[in-house]
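Trainee: I should like to take a close look at one part of this model, namely its enclosed spaces. Please guide me through them with care.

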Amino acid sequence: MSNVNARRKSLSTIERAFEIIEHIKDVDGARVSEVAENLELPKSTAYNHLSTLKQLGYLVKEGDEYHISLQFLDLGGYTANRKEAYREALPKLKALARETGERAQFVVEENGFGYFIYGYLGDQAVQTDVRMGMRTYLHTTSAGKAILAHLPPSKVTGIVDERGLPMRTRHSITDREQLERELDDIRQRGFAFNREERIDGQNAVGAPLVLDGRVIGALSVSGPTNRMKGEWFEKEIPDLLLGTVNELELNLSFP
């Protein structure tokens, strides 16, 4: 076998392994036969991949089902703490959650998606589907839109070209021109609103964290529409967020 063919085979094997991991995550555990059927693999091939991933510690077997292992927590914990800005955001999020009583989160962009790095619940916060490391479309969240508003226009175009503007709720932005107008408004006022654009019944406010002209991520506060309304939603929470982001930017600029 030539070196080129060997490399292609290795790449194909790696891609298949990650495809299996993603599938097991999406279905919350699967048997060998289910992986083989759903991914259109020979049963022996599925078994070999699953056994190897289990041996490496990335899968565990519970009964006859394979599940994602806790080893991914080690990778996720490392990733979430790799950058100083991520670590510095932690106490700020806690303070926001305490002061607002709602959920505060820190989101960053990678490969055209938004990732929830940290989140804290205030004493009134409503639990949703958000978890550390969860991936989301940037245009459906206040933090994501705050990030998009401060990325180079060419990068925003590339993200929309590649990821699209899928609808999560009937309030989601699905039109490029509407998104561009929204991003202009965000740049002018300094923060972004999410009005039931990702989850029905939930609003949010997000503000970008910008250092040396580059957006690092965004902080946001989210909660149910019955509380996130009026001056509290339109003025008070945005002021809290902008003050928090300003402090964080100063801390990172002058350590």
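Trainee: How do the residues of the lining of the largest cavity divide into nonpolar, polar and charged?

Mentor: The model is a predicted one, and the lining of its largest cavity is made up of 5 nonpolar, 8 polar and 2 charged residues. To place that lining in the structure, one may begin with the cavity itself, whose volume is about 110 Å³. Its lining comprises 15 residues, and those closest to the centre of the cavity are Gln-105, Phe-116, Gln-202, Ala-204 and Ser-222. Several elements take part in this lining: at least two residues each are supplied by strand 3 (103-110), helix 6 (142-148), strand 7 (202-211) and strand 8 (214-224). Of the contributions to the lining of the largest cavity, that of strand 3 is the greatest, at 3 residues.

The count of cavities of 30 Å³ or more is 2, and the second largest cavity holds about 60 Å³ of space. Its lining consists of Gly-112, Tyr-137, Leu-138, His-139, Leu-148, Ile-159, Val-160, Arg-163, Gly-164 and Leu-165. Here the largest share comes from helix 7 (residues 153-163), which gives 3 residues to the lining of the second largest cavity. By class, the residues around this second largest cavity are 6 nonpolar, 3 polar and 1 charged. The two linings may thus be set side by side: 8 polar residues belong to that of the largest cavity, and 3 polar residues to that of the second largest.

Terms used: Residues numbered from 1 in each chain as written. Predicted model: local features only at pLDDT ≥ 70, side-chain atom pairs only at ≥ 80, totals over all residues. Heavy atoms only, no water. 1 Å grid on protein atoms, 1.4 Å probe; cavity = no way out; pocket = protein on both sides within 12 Å on 5 of 7 lines; lining within 4 Å. Points joined across faces, edges and corners; volume = space filled by probe spheres on them. Helix = DSSP H or I, 4+ residues; strand = E, 2+ residues; numbered from the N terminus. Nonpolar A, V, L, I, M, F, W, Y, C, P; charged D, E, K, R; others polar.
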